Amino acid sequence: MPITWANGINGMLTEAEWLNFPFNPTRPNEPIDQLFNDEQSDNLKARWASITSQQLVPKMAKYHAFDTEANKTIRPTLENHEIEKGLIKVKINTSETMLECMDNNISVPDRLLDYVFNDARTLAEQVKTRTLVAKYEIMATGKVTIGENNLDLTIDFGLSNNQKGFTLDIGADSDVFGAIQSIIDAAKAKGVVINGIMTSRKNITKMRQNSKVQIAINGNIASGATVRRSTFDDYLASEYGIETIIEADGIYNPDNEAFTASTSVASISTLRYFPENKITFFATMPNGRIGAGLWGVPPAVKNKLISATGSTEGRYIYIDQFTERDPDVLWTRASAVFIPILVNPDSLFIADVVDTGA
């Protein structure tokens, strides 16, 4: 049975077909989403309130004589912030896909639909990837920078220089646990209890191979024997309260428009979401998060300029199609309005990782 394309345009799906679009923008095993939950908001501006670290230190009530008036206290002062959410969007030439199908004599309806869905899925994944880059950047720097498409913005969440000036030496004979303790002590001085770290698997392995770590956990006779990962994790939890260890080794392609001149094939470069030479100590809120990813509605959808199809998960990423003339092209586009926020700036302590024994 032939496909009924919208407006008779090859590759343009009807609303009924878009309802069957099988895309879910969440990545169940994505480490950063443990710390930043996704929330929907219709407002293009993101508002949140943070409490200064000094106000997180518990206040003490005082003893009174039975016949005296109670002393007055004050509520914590919330510091209000407001930032503009960012528009993320990307498009792909679906007409090219349809022409390739015709050239290859592909006319099976389900296969043609799959090609269009694959275009949409590819675009939505690229939007999702940009949101992950922003979340990981907060963990590595305490900021979000937007330096693309003639935008030059930096959202600074207010980490002090003291929170970013640490060094953790993971050399073979360095005092790893001493350095960890100094970071935990600095956090405690601000009323913050560290309960997690984010770093690369390589750094965790190096720490397990450190002689002083081996002796501290398993005794003098264990020097030279790599500490078992489960034993290392248990020790960090019991001795330092670090119960969450997040390995951040994912990579992404930052440039989806680069092509080699000779072959016209996409030239793939890769970057890490989280730098290999960093380790971030964090303190979560009672819900296990340190912030949120705030999603909004793209202006074109809000102004009813397009009839767009949202994802199956809370309409975070929107898909629409449109045509243009000269050249005659059908575009499929994915767009989202997104910004991540860090609720408490004092919840992060970032260290550079070095190996003086290398």
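**Checking the terms**

User: What makes K91 a charge over the ring of W331?

Analyst: K91 lies over the face of W331, 4.2 Å from the ring centre. The rule asks for NZ of Lys or CZ of Arg within 6 Å of the ring centre and within 35 degrees of the ring normal, so K91 and its 4.2 Å fit the distance limit. Keep in mind that this is a predicted model, where local features need pLDDT of at least 70, side-chain atom pairs count only at pLDDT 80 or more, and totals for chains, interfaces and linings use all residues. Residues are numbered from 1 along each chain as its sequence is written, and side-chain values use heavy atoms, leaving out hydrogens and water.

User: How do you know that the span of α8 agrees with a helix?

Analyst: Helices here are DSSP runs of H or I with at least four residues, strands are runs of E with at least two, and both are numbered from the N terminus. The expected span is 1.5 Å times one less than the number of residues, so the 12 residues of α8 (229-240) should cover 16 Å, and the end C-alpha atoms are indeed 16 Å apart. After α8 comes G241, with a positive phi near 75°.

User: Which residues of α8 are called buried, and what puts them on the same side?

Analyst: Buried means under 20% relative accessible area, exposed over 50%, and partly exposed in between (1.4 Å probe, protein chains only). F232, Y235, L236 and Y240 are the buried ones. Their arc, taken from the directions between the helix axis and the C-beta atoms, is only 100°, so they sit on the same side of α8. D234 and S238, on the other side, are exposed.

User: What do the buried residues of α8 pack against?

Analyst: With contact meaning heavy atoms within 4.5 Å, the partners are α5 (176-189), β8 (196-199), α6 (201-208), α7 (211-218) and β9 (244-247). In α6, the buried residues are N203, I204, M207 and R208. They fall within an arc of 140° seen down the axis, so they line one face of α6.

User: What makes a set of residues a nonpolar core, and how many residues has the largest?

Analyst: A core joins buried Ala, Val, Leu, Ile, Met, Phe, Trp, Tyr and Cys through side-chain atoms within 4.5 Å. The largest has 57 residues, with M139, M198 and I317 making the most contacts inside it. α4 gives the most to this core, 15 residues. A second, separate core of 30 residues includes L168, I180, F232 and I279.
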